[in-house]
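Colleague: Could we take a close look at a single part of this protein? I am new to reading structures, so please go step by step.

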Amino acid sequence: MSYINKVLDNLKVKFADQPEFLQAVQEVLLSLTPVIEANEEQYRKAALLERLTEPDRQILFRVPWVDDKGQVHVNTGYRVQFNNAIGPYKGGLRFHPSVNLSIIKFLGFEQIFKNSLTGLPIGGGKGGSDFDPKGRSDNEIMNFCHSFINELHKYIGPDRDVPAGDIGVGGREVGYMFGQYKKLNGNYGGVFTGKGLTFGGSLVRTEATGYGLLYFTQAMLKANGHDMSGKVVAVSGSGNVAIYAAQKAMQLGAKVVTMSDSIGWIYDAEGIDLAAVKEIKEVKRGRLSDYTNYRPNAEYHTEGRVWSVKCDIALPCATQNELHLEDAKALAANGCIAVAEGANMPTTMDATAYLQKQGILFAPGKASNAGGVATSALEMSQNSERLSWSFEEVDAKLKDIMENIFAKLDDAARRYGMEGNYVAGANIAGFEKVAQATLSQGI
């Protein structure tokens, strides 16, 4: 039995109750086949794959908190510190009812390779809670964040583990957690990224994942004889990633025609009014069903998905496994030329395989959405140096990082005879650096 199959079989038995984690591991390891086969004896003897797929540590803890009516609630907190071979653990915190250990492990495993691709010295980790911040007051969210950090603070630090935001965790939540960490530890270390600009945050961090997605997509398109200008773009989601991906796509001359939230989606043939979306989602914290109040000619749907709309480029920016095989078939039938992931693993494995088989350019999230963590690492650098860079400086560094990521994975795919397979290229390029660092540091 091959080394990869042996490891996968063992993982499927050991973690049968963790489908998202198994999906992520299978997608990565199978695409690494030529690399593993070329070094199988060395990797097998060193148990390299076992060491990469087993986290350094998994921290689970109780998070009790009190709501505004005096009722006590209990949630579960998670932090999975996956691999720190190339730097301190780095990865976001997600507050959402769907959070469980499988999802946190899948995200943390992906983060290893995503962080490696940035070229910056950061390892892979992820965390969060099944707490739902929707509908909660600022005071309730502060109570939860303080309780969460009361336990997590023992395991994080500027040179140990530097969390950031993710779904359900924005500047407000990061501020509450950073404040409690500072109080408990008595120092002003750069232990969180995504902080407010008045206390160590970085310009461009809010826009980073969305902007980075478009910088990567533009590089991929240009390498294949295309350009963003004049293209029709379908975007899913309406959070930070989706909003700023749409904004940058528009700046590059594209027309964005869809966005979505957890209840429904909008189609605006004339192009999305991003100011209206920002007011609905960021100011009023409302639903996209209100969009037609701003644009009466737009369509609002509660059935189906945005991928049924005719577009040139699809940008899934909402959540994992949101683009299925039937969606991929619809995109292909409508003449889509590229799909670039803004969320973490939003495309199912069979949908990814179908898109690639159809010759549609496909950018995997661990490469195309790495702009957020890249800018987080730039925030860490500014904190360490006690400096604050301008928007233009950070944006230029982000653009360079994303273009370099594309160059790395394009080169890796070519070296192993898989030109145009950017999934394999991203996994190989990310893996090579982590593998060498892990082996160099011994057992």
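Colleague: Leaving aside its neighbours within four places in sequence, which residues is Asp261 in contact with?

Modeller: Happy to help! Please keep in mind that this is a predicted model, where local features need pLDDT of at least 70 and side-chain atom pairs count only at pLDDT 80 or more, while totals for chains, interfaces and linings use all residues. Residues are numbered from 1 along each chain as its sequence is written, and side-chain values use heavy atoms, with hydrogens and water left out.

Now to your residue. Once neighbours within four places in sequence are set aside, Asp261 is in contact (heavy atoms within 4.5 Å) with Ser238, Lys281, Arg287 and Leu288. Asp261 sits in the loop between β7 (255-260) and β8 (265-267); helices (H or I, at least four residues) and strands (E, at least two) are DSSP runs numbered from the N terminus. Asp261 counts as buried because its relative accessibility is 15%. Buried means under 20% relative accessible area, exposed over 50%, and partly exposed in between, using a 1.4 Å probe and protein chains only. The side chain of Asp261 also reaches the backbone nitrogen of Ile263, at 3.0 Å. That is a polar contact: a pair of N or O atoms within 3.5 Å, where one must be able to donate a hydrogen and the other to accept it within protein, and residues adjacent in sequence count only if both atoms are side-chain atoms.

Another loop is worth a look. Arg285 lies in the loop between α11 (274-283) and α12 (291-294). Its relative accessible area is 60%, so Arg285 is exposed. Arg285 is not a glycine, yet its phi is positive, at about 50°.

You can set Asn321 beside it. Asn321 belongs to the loop between β10 (313-316) and α13 (325-333), and its phi is positive too, near 55°, although the residue is other than glycine. With a relative accessible area of 23%, Asn321 is partly exposed.

Finally, for the wider setting, look at the largest nonpolar core, which has 100 residues. Such a core is a set of buried Ala, Val, Leu, Ile, Met, Phe, Trp, Tyr and Cys residues joined through side-chain atoms within 4.5 Å. Among the residues with the most contacts inside it are Met259, Phe216 and Ile405. Not counting residues up to four places away in sequence, Ile405 touches Leu117, Thr118, Phe216, Ala367 and Ala370. Apart from this core lies another, of 21 residues, including Val63 and Tyr181.
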